[in-house]
Amino acid sequence: MTILAQADLTASTNNLVASMVGPSTINVLLCNRTNGAVNVSMALVPTGVGAPTVVHWVEYQLPLDANMSLERTGIPLGTGDQVFVNPSGSGVSCSVIGLAI
């Protein structure tokens, strides 16, 4: 596994965190660095689609408690597929780690 992308996320924005350069299996790690809960949404968007629509969300407004983290593992993606994360507040970071297939 290697780090594919990392970002300090902008609140209330669909942050493009990673775009796959080849087929990969990834893990997405989110960290709430604040003293309050933040809701997070994550979308997996296929190649050729520019931004998330209602069908792409795999997590939606999931509460991430203060100073807590969340990990989603074993996500298979193809070349050009993208990972978007939208937190309700600032202070959330994201790391995408992966393994090329």
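## A walk through two sheets and a shared core

Let us start from one residue, L30, which is found in strand β3. The model we are looking at is a predicted one, and L30 makes a handy place from which to explore it. With a relative accessibility of 4%, L30 counts as buried. If we set aside its neighbours within four places in sequence, L30 is in contact with L9, V40, L64, M68, S69, L70, V85, S93 and C94. Please keep V85 and C94 in mind, as both will come back below. For a sense of scale, L30 and T79 are 49 residues apart in sequence and lie 23 Å apart in space, taken from C-alpha to C-alpha.

Strand β3 brings us to the sheet around it. Four strands make up this open sheet, in the order β1-β8-β3-β6, and their pairing is antiparallel. At the edges stand β1 (2–8) and β6, each of which pairs on one side only. On average, neighbouring strands here are turned by 15 degrees against each other, with direction ignored.

How many bridges join each pair in this sheet? Between β3 and β8 there are nine, and the two run antiparallel. Seven bridges join β3 to β6, again antiparallel. Between β1 and β8, six bridges are found in the antiparallel sense, and within this pairing T2 stands opposite G98 in β8.

I26 is a good residue for seeing how β3 sits in this sheet. I26 stands opposite G98 in β8, and I26 also stands opposite I75 in β6. Beyond its neighbours within four places in sequence, I26 has contacts with L4, M20, R72, T73, G74, I75, L77, V83, V96, I97 and G98. One of these partners, V83, leads us on to β7, the strand spanning residues 82–87.

That strand belongs to another open sheet, whose four strands follow the order β2-β7-β4-β5 with antiparallel pairing. Its edges are β2 (15–19) and β5 (57–64); each has a single partner strand, so one side of each is left without a neighbour in the sheet. Neighbouring strands in this sheet are turned by 20 degrees against each other on average, direction ignored. Strand β2 pairs with β7 over four bridges in the antiparallel sense, and N15 has V85 of β7 as its bridge partner.

Now for the interior. Which residues have the most contacts inside the largest nonpolar core? They are I26, V28, L30, V83, V85, C94 and V96, in a core of 21 residues. The strands β2, β3 (24–32), β4 (38–45), β6 (69–77), β7 and β8 (92–100) each supply at least two of its residues. The largest share, four residues, comes from β4. Here our starting residue fits in nicely: L30 is among the core residues with the most contacts, and it touches both V85 and C94.

C94 raises a question about cysteines: how many disulfides does the structure hold? The count is zero. For C31, the nearest cysteine sulfur is that of C94, 10 Å away, and C31 is in no disulfide. Seen from the other end, the sulfur of C94 has its closest cysteine sulfur in C31, and 10 Å is too far for a bond. Their surroundings can be set side by side: C31 counts as partly exposed at 31% relative accessibility, whereas C94 counts as buried at 1%.

Let us follow β3 a little further, to N32, which also has its place in this strand. Is N32 buried or exposed? Its relative accessible area is 1%, so N32 is buried. A polar atom of the N32 side chain lies 3.0 Å from the backbone oxygen of L64. Leaving out neighbours within four places in sequence, N32 is in contact with A37, V38, L64, D65, A66, N67, M68, G91 and V92.

One of those partners, N67, deserves a look at its backbone. N67 is found in the loop between β5 and β6, and it has a positive phi of about 55 degrees although it is not a glycine. At 47% relative accessibility, N67 counts as partly exposed. Q61, placed in strand β5, also has a positive phi, near 55 degrees, in a residue other than glycine. With a relative accessibility of 37%, Q61 counts as partly exposed.

Methods: Residues are numbered from 1 along each chain as its sequence is written. This is a predicted model: local features need pLDDT of at least 70, side-chain atom pairs count only at pLDDT 80 or more; totals for chains, interfaces and linings use all residues. Side-chain values use heavy atoms; hydrogens and water are left out. Two strands pair if DSSP finds at least two bridges between them. Axes are lines fitted to C-alpha atoms, for helices over the stretch in contact, and angles run from 0 to 180 degrees between N-to-C directions. A nonpolar core is a set of buried Ala, Val, Leu, Ile, Met, Phe, Trp, Tyr and Cys residues joined through side-chain atoms within 4.5 Å. Buried means under 20% relative accessible area, exposed over 50%, partly exposed in between (1.4 Å probe, protein chains only). Contact means heavy atoms within 4.5 Å. A disulfide is a pair of cysteine sulfur atoms within 2.5 Å. A polar contact is a pair of N or O atoms within 3.5 Å; within protein, one must be able to donate a hydrogen and the other to accept it, and residues adjacent in sequence count only if both atoms are side-chain atoms.
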